[in-house]
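Here are my notes on this one, set out as numbered points. Could you read them with the structure open beside you?

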Amino acid sequence: MSNCAIVGVNWGDEGKGRMVDLLTEDYDVVVRFQGGGNAGHTVINKKGKFALHLLPSGIFRDGVVNILGNGVALDPENLWREMSEVMSQGVSITPDNLMISDRASILMPWHRDLDELEERRLADKKFGSTKQGIAPFYSDKYQKKTVLAGELFYPERLKTHLKDLAEWKNLILSSVYGAEVYTEEMLDRWLTDYCERIKPFIRDTGAYLRDAQANGKRILFEAQLGSLRDLDYGIHPYTTSSNTLAAYAPIGSGFPGARVSRVIGVVKAYSTCVGEGPFVCEMFGEEAEKLRKEGFEYGAKTGRPRRVGPIDLVATRYGAMVQAATEIALTKLDVLSYMDRIPVCTGYIVDGKVTREFPFPAALDSAKPVIEYLEGWKTDISSIRTWDELPAAAKEYVLYVQRAIEVPITFVSVGPERESIILR
Ligand code: GDP
């Protein structure tokens, strides 16, 4: 069986975690290749309910090796907290089932400070950052001003490197923002409290992945966020600071030569978006409140109410295209069961013309949605497990979406539990 990537097609929060949790049964290795702890997956299985931020969602399957690749923002503090929480719920995490790339850059405590300070400076022009330090982290990574995880094994070099970085960061913290600076003692404490704890998990994950592939093991790449948040192809500048696309998976994992022939794009049956930025199909008022409540659309990391709207077929078709999705998992179809008729965004009006093409980001501000309605099914579908049992209107909804985005829908999810899935 070939390698597979599970990626988001929309703005994130599509339900990738539940799909990875389901599919890890068929894979030996699960790799996170980008992003950090700034978003979250919710996974519900026999072991309990878990909010994962940085840990790969394969962590619950015995025998599955989970990898944090070089492309992730490795935050030792948050990772250690998350590991402790998951372990306290009875899940075993050892260097045999979790491996961290020695080439992953480390997110420093000052990245979180700078994120917060910059959002405060921007005031009402803010980007809606989750303040986990992700943007300052990736800027520093590309400036080559980060420490690599593997440097923890070279204490003398690490000491000098950290001292040099702190000197530079302290200048920015104090003179630009008038904020508190970092002392050597603070960094030593951070090293002891968090970095030392994750050190046993650090190794050359590229070598592991190449060996795994050579031995016929199957690799699953797990993305964070979705197409529209991709740094290069998303709704710039309201994107994240990493590449959320399947094409980046080999690079961010440590195995640039990996072939990914199966790309499962996860699409939510309606739209949600967290934070600022254009969201053409956004619904407001009571209609929005009802959908938010039914879908329980509140951020896994921040608890912020998510912005909601009908499925956006323009953005979704574009999102599936940039992911090069070979198939689609449509999630949360059950949430729409309360609606008499279901709104669908089928086009955008840009400069007075209707288009199905997703426009350049700057044109999104003035774009207006074209909304059409499909018949609702008005019955609980959460216990249905086969395509044939689905009400005709629900089938028609799925087929309508499939025709519009031009990629086969192979999974329909009707609940958060592992087994609440219809295979097509
Ligand atoms: P991710 O980051 O893409 O994994 O998405 P989130 O975890 O933020 O959001 C998905 C949420 O929806 C989680 O709370 C899941 O448990 C839940 N969920 C996933 N699939 C379904 C579904 O088909 N129906 C319902 N009702 N909930 C779902």
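1. A word on classes before the ligand shell comes up: Ala, Val, Leu, Ile, Met, Phe, Trp, Tyr, Cys and Pro count as nonpolar, Asp, Glu, Lys and Arg as charged, and the others, Gly among them, as polar. With that sorting, the shell around the ligand holds three nonpolar, seven polar and seven charged residues. Keep in mind that this is a predicted model.

2. Who is in that shell? The ligand is surrounded by 17 residues. The closest of these are Lys16, Gly17, His41, Thr42 and Ser413.

3. Now the polar contacts, starting with the backbone. A polar backbone atom of Gly15 is 2.8 Å from an oxygen atom of the ligand, and for a polar backbone atom of Glu14 the distance to a ligand oxygen is 3.1 Å. From the side chains, Arg306 places a polar atom 3.3 Å from an oxygen atom of the ligand. As for cover, the ligand taken alone exposes 580 Å², and the protein buries 90% of that.

4. On to the site itself. The ligand takes up the space of the second largest pocket. Two or more shell residues come from each of α1 (16-23) and β3 (41-45), and α1 gives the most, with three residues. In domain terms, domain 1 (4-102 + 203-264) and domain 3 (266-423) each supply at least three residues to the shell.

5. Some backbone geometry you may want to look at before setting anything up. For context, most residues other than glycine have a negative phi, and most peptide bonds are trans. Asp13, though not a glycine, has a positive phi, near 60 degrees. You'll find Asp13 in the loop between β1 (4-8) and α1.

6. Leu225 is another non-glycine residue with a positive phi, about 60 degrees. Its place is in strand β8, which spans 219-226.

7. Last, where is the cis peptide bond that joins His236 and Pro237? Pro237 sits in the loop between β8 and α8 (249-253). For the bond itself, omega is about 5 degrees.

How values were computed. Residues are numbered from 1 along each chain as its sequence is written. This is a predicted model: local features need pLDDT of at least 70, side-chain atom pairs count only at pLDDT 80 or more; totals for chains, interfaces and linings use all residues. Side-chain values use heavy atoms; hydrogens and water are left out. A residue is near a molecule or strand if one of its heavy atoms lies within 4 Å of it. A polar contact is a pair of N or O atoms within 3.5 Å; within protein, one must be able to donate a hydrogen and the other to accept it, and residues adjacent in sequence count only if both atoms are side-chain atoms. Accessible areas come from the Shrake-Rupley method with a 1.4 Å probe; for residues, only the protein chains shown count as cover. On a 1 Å grid over the protein atoms alone, a cavity is a set of points where a 1.4 Å probe fits but cannot get out, and a pocket is an open set with protein on both sides within 12 Å along at least five of seven lines; lining residues have an atom within 4 Å of a point. A molecule sits in a cavity or pocket if more than half of its atoms lie within 2 Å of its grid points. Helices (H or I, at least four residues) and strands (E, at least two) are DSSP runs, numbered from the N terminus. Domain bounds come from an automatic or database domain assignment.
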